[in-house]
Structure formats: C-alpha cells, structure tokens
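Here are some worked exercises to try with the model open in your viewer. Have a go at each task before reading its solution.

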Amino acid sequence: MRAPSGIPAQTIADLLDWKYATMMSELSGQPGHKLGAERILPLLDVTGSDAPLHFLARERGGVFVKLPQVEGPLEPVTRQCLVAMREFGELVGATSDALVDGAISPEEAKHILRLGHEAVTAVMALLKVVEARPC
C-alpha cells in the first residue's frame with residue numbers, strides 16, 4: 001500500500017495488468033490466493049521495494065543484500081563486494097553448522113577461524129579497491 005516508489009496500489013495493479021482486488025488478495029495471503037513467483041520481479045521493479053526478498057531470505061535463514069549495479073572504473077568494487085559477501089556467508093554457514101549440536105569442536109573452531117580470516121581478508125581487499133578507485 002505504501003510502495004517506496006510512491007506509486008499508488010491501484011496504479012501498480014494497472015501497470016502490471018493485474019486486477020486490483022486480486023493483487024491485494026494475493027499480497028495479503030488470503031486463503032486460496034497465492035502470489036505467483038512470476039509476479040515478484042515485476043512487482044519489485046514497479047514498487048521499488050525489496051521487502052519480499054528480505055522476507056524470503058529471513059524465512060530461509062539468510063539475508064538479502066542488494067549490491068549496486070555499476071560499470072566502468074567502479075566495477076572492481078562491485079566484484080570485490082561479491083567476494084567479501086561470499087566469504088562472510090561461508091563463515092556464518094560454518095559457524096551455524098558447528099552450533100547444531102550445541103558445541104564447537106576444536107576442528108570446527110579451526111575451520112571457523114580460517115574462514116573468519118578469509119572473510120576479513122576479503123573485506124580488507126574491498127577497502128583497498130575502494131581506496132585505489134579513481135576520484
């Protein structure tokens with residue numbers, strides 16, 4: 001109802017060739033009404049909202065991080081952002097796996113520490129790329 005794009009719900013429904021009442025029923029999760037996956041990306045584009053992606057990520061035990069789309073001299077920054085996110089994800093995943101049984105074994109701790117150092121290295125590399133970018 002309050003899209004970040006500022007576009008009213010009725011207009012969003014019109015833009016997406018969707019009956020307003022159907023759209024509202026599907027978005028509210030009423031019984032018998034389900035939002036189809038093919039509708040999500042156009043809905044995100046029109047509303048300017050990533051809230052559904054944050055919801056889905058939380059439901060799956062993760063997070064959604066939107067990276068900027070850039071080309072030219074800043075493209076290496078974006079690439080290093082992806083590397084840093086991957087390394088951090090591996091660290092969090094390994095830590096989560098280790099905690100399943102309520103304890104972190106010495107082998108698990110060693111693995112987590114190695115992944116932690118790799119994540120920190122990736123973040124430091126990102127900072128270096130940003131620092132070296134042309135102004």
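The expected span of a helix is 1.5 Å times one less than its number of residues, and helices here are DSSP runs (H or I, at least four residues), numbered from the N terminus. This is a predicted model: local features need pLDDT of at least 70 and side-chain atom pairs count only at pLDDT 80 or more, while totals for chains, interfaces and linings use all residues. Residues are numbered from 1 along each chain as its sequence is written, and side-chain values use heavy atoms, with hydrogens and water left out.

**Exercise 1.** Check the span of helix 6 (residues 106-132), then work out what its buried residues pack against.

*Solution.* Start with the length: helix 6 has 27 residues and runs 39 Å from its first C-alpha to its last, close to the expected 39 Å. Next, pick out the buried residues (under 20% relative accessible area; over 50% is exposed, in between is partly exposed, with a 1.4 Å probe and protein chains only). They're Ile112, Leu115, Gly116, Ala119, Ala122 and Leu126. Finally, look for contacts (heavy atoms within 4.5 Å): these residues pack against helix 5 (75-98).

**Exercise 2.** Find which residues of helix 2 (residues 20-28) are buried, and what covers them.

*Solution.* Met23, Ser25 and Glu26 are the buried ones. They sit on the same side of helix 2 because they cover an arc of only 165° around the axis, taken from the directions from the helix axis to the C-beta atoms. Their cover includes helix 1 (9-15) and helix 3 (37-47). For contrast, take Ala21, also in helix 2: Ala21 is exposed, at 53% relative accessible area. Just past the end, helix 2 is followed by Gly29, with a positive phi near 75°.

**Exercise 3.** List the residues of the largest nonpolar core and say which helix gives the largest share.

*Solution.* A nonpolar core is a set of buried Ala, Val, Leu, Ile, Met, Phe, Trp, Tyr and Cys residues joined through side-chain atoms within 4.5 Å. The largest one has nine: Ala3, Ala9, Ile12, Ala13, Leu16, Trp18, Met23, Leu43 and Val46. Helix 1 and helix 3 each give two or more residues, and helix 1 has the largest share, with three. Now zoom in on Leu16: leaving out residues up to four places away in sequence, Leu16 touches Arg39, Pro42, Leu43 and Val46. Apart from this core lies another, of six residues, including Leu91, Ala94, Ile112 and Ala119.
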